[in-house]
Amino acid sequence: MDTPRTVRVNEAGSEAASYRDAVDERRRVIHVRGSSPKRAYVLLGIAALVWIGVVLHVRLNDHLESGWFVFVGLASLAVLVQLGPPALWRAVQRSRFDLSRRELVVHTGLLGRRTRVEGWGVREPVVIERLAPWGKPVVRFVSWDLYAERDDGRRVHLATLHDEASVRYVTNALREGYRDAEQSGARHPFAVRFGPMPEGVTCEGDPDDLTSTWRLEARCPRGSLVTEWIASLGMVIGALVGTISVIGAGAVLIEIATRGRAIGVAIAIVPALFLVAIAVVVVRALRDQLRLTVLRSAGRVVLELAPSGVEITTTPWAVRPLPPRERRVPSAVRLRVTPLDRDPNEARIHVRHEGVEHRLHAPMLTDDARYLARVLEGYEPAERRSEGERSPQPRSATR
C-alpha cells in the first residue's frame, strides 16, 4: 500500500541488530501529521485576500464608498474566524505509533499524551468517524477516532486522525503487524461478539446463550454539571418570580371580575388564560431542566434482555418507555439512534416496538447508544425467533 503524504515511516532496524533494538523490540515507527480539507484552505486563502483588499481600500481612500465593502469585509472576516482556528488546530496535530513485537505505544497531541496497549488489542482496531460542529455547512471537518481493546473488554482511545488515507494506512499496518499477537487471558465475551465496549457501557450475561438474561447498562453523559445546575437554579428563580407575578396579576383580574359587570369578566378571562398557559410552559420547562440535571449527575439507562421480553429503564426514577411485559405483544424491540445537530457526540434515542416509537428521555452518548442497539439487535431468544419464523400455511383445496 502506498504511503500517504501525511504519513512518514521509520524502520527501527531488526530486533537483533543491536543491544538497544533487542531491548526496545521495536520494528517500525509511524508518524502521522494532521490535515485539513483542501476546500478549507482554498476558502481561507480567498477570504484572506478579500480582507486584505478591503483593508487596503479603506487605508487608501480613508472612507468607504459603498456598504458593499462593509458586507464583503465582514463576510471574509467571518470565514476567517469560523474556519481558521479549526483548520490550524487540525494541521498542527501529530501522532506517533511505535510498533513493537508485543505492544503498541502511541504518542499524540502537542503535549505528548502516551497510550500503551498490548499487541492483541489492536489486531482489529475500531475506527469511528466524527463530524465536528465547526464550519458546517461550508466545510465538513471530519476526523476519525482510533480505538483498541483493553483487558477488561472496553476500548481505549489511541489517537484522532484527520485524513482518511492516514486512517486506512495505520489500521492496515496494525492489523498486519499484530495479526499473530496472542492474549494471555480470556477476552470479555461481549467484546468477542460485539466488539470492544465503550467506556460508559457495562454488559453482563452470556452472549453465547440466547435463552439467558443479558443486562446492559449505559451511563448518561456527565457533561458540564456546573452549567446544568446554574441553568436549573436560574429557572427556579424565574419560576418563583413568575409565580409572584401571576399571583399579583390574578389578584388584579379577580378585582376587575368582581366589579359585577359582564365586560369586566370578559376582559379578565383572556389575560387569565394567557397567564395560565405561560405558567404551564414554565413548569414543564423547569421539570425538563431539573430532570436533565439529575440524569447528567447520576442517570443510567438499563436494558434487561430476557426470553420473556425486553425491559428498558431509566434511573434513578425507574421510568420505562415501554408498557409492562405482560401487556405487550411478543415482538422485536429496536433502538433508533439519531445524533444531535448541536453535538454529534450525543444522540436522541427512540424505542421502536410494534411499529410505534417511544422517546427515551435520557441523554446518551452516540457510541454508547449504537453499541446498545447492536447488542439488542443481536439478542433473539429461541422462543421469539421460532415464533417469527412460523407463518400461517394456506389450506389445501383438495381433501
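**Notebook: aromatic rings, strands and a few odd residues**

I began with the rings and found that the structure holds 4 aromatic pairs. I took the pair Phe-190 and Phe-194 to start with: their ring centres are 6.1 Å apart and their planes stand at 25°, so I noted the pair as stacked. I keep in mind that I am reading a predicted model.

Next I looked up where these two residues sit. Phe-190 and Phe-194 both belong to helix α5 (residues 189-194), and they are 4 residues apart there, which means about one helical turn separates them. I also checked their surroundings, and both Phe-190 and Phe-194 are buried.

Then I followed Phe-194 to another partner. Phe-194 and Trp-214 make an edge-to-face aromatic pair, with 6.1 Å from centre to centre and 70° between the planes. Phe-194 is in helix α5 while Trp-214 is in strand β10 (residues 214-219), so this pair ties together parts that are 20 residues apart in sequence. Trp-214 is buried, and so is Phe-194.

A reminder to myself about both pairs: two aromatic rings are described by the distance of their centres and the angle of their planes. I like how the stacked pair at 25° and the edge-to-face pair at 70° show this.

Which residues form one aromatic cluster? I wrote down Phe-190, Phe-194, Trp-214 and Tyr-379.

**Entry: a charge over a ring**

I looked at Tyr-147 and found Arg-155 lying over the face of its ring, at 4.2 Å from the ring centre. Both residues come up again in the strands below. Tyr-147 falls within strand β7 (residues 142-149), and Arg-155 begins the range of β8 (155-161).

**Entry: the sheet with β6, β7 and β8**

In what order do the 3 strands of this open sheet come? I read the order as β6-β7-β8, with antiparallel pairing. At the edges stand β6 (126-131) and β8, each with a single partner strand, so one side of each has no neighbour in the sheet. Neighbouring strands here are turned by 30° against each other on average, direction ignored.

I then zoomed in on one pairing. Strand β7 and β8 pair in the antiparallel sense over 6 bridges. As one example of residues facing each other, Ala-148 stands opposite Val-156 in β8. A general point for my notes is that side chains in a regular strand alternate between the two faces of the sheet.

**Entry: the hairpin of β13 and β14**

Strand β13 (residues 333-339) and strand β14 (residues 346-353) run antiparallel and are joined by 7 bridges. I picked out Arg-334, whose bridge partner in β14 is Arg-352. How many residues does the hairpin use to join β13 to β14? I found 6 residues in that connection.

**Entry: backbone oddities in the loops**

I went to the loop between β12 (309-315) and β13, where Pro-316 is found. The peptide bond joining Thr-315 and Pro-316 is cis, with omega at about 10°.

Ala-318 is in the loop between β12 and β13 as well. Its phi is positive, about 55°, although Ala-318 is not a glycine. Is Ala-318 buried or partly exposed? With 40% relative accessibility, Ala-318 counts as partly exposed.

I found another positive phi at Glu-354, near 55°, again in a residue other than glycine. Glu-354 is in the loop between β14 and β15 (356-365), and with a relative accessible area of 45% Glu-354 is partly exposed.

**Entry: helices α2 and α4**

Helix α2 (residues 38-61) has 24 residues. From its first C-alpha to its last, α2 reaches 35 Å, close to the 34 Å expected at 1.5 Å a residue. Looking along α2 for buried residues, I noted Ala-40, Leu-44, Ala-47, Val-54 and His-57.

In helix α4 (residues 164-177) I looked up Leu-174. Leu-174 has a relative accessible area of 0%, so I marked it as buried. Leu-174 and Val-122 are 52 residues apart in sequence, yet 6.3 Å apart in space, C-alpha to C-alpha.

**Entry: cysteines**

How many disulfides does a search of the whole structure find? The count is 0. I still checked two cysteines for burial. Cys-203 has a relative accessible area of 6% and is buried. Cys-220, at 1% relative accessibility, counts as buried too. The cut-off I used for both is that buried means under 20% relative accessible area.

How values were computed: Residues numbered from 1 in each chain as written. Predicted model: local features only at pLDDT ≥ 70, side-chain atom pairs only at ≥ 80, totals over all residues. Heavy atoms only, no water. Phe/Tyr/Trp six-rings, centres within 6.5 Å; stacked < 30°, edge-to-face > 60°. Helix = DSSP H or I, 4+ residues; strand = E, 2+ residues; numbered from the N terminus. Buried < 20%, exposed > 50% of the residue type's maximum accessible area, 1.4 Å probe, protein only. Lys NZ or Arg CZ within 6 Å of the ring centre and 35° of its normal. Disulfide = S-S within 2.5 Å. Expected span 1.5 Å × (residues − 1). Pairing = 2+ DSSP bridges. Axes fitted to C-alpha atoms, helices over the stretch in contact; angles between N-to-C directions.
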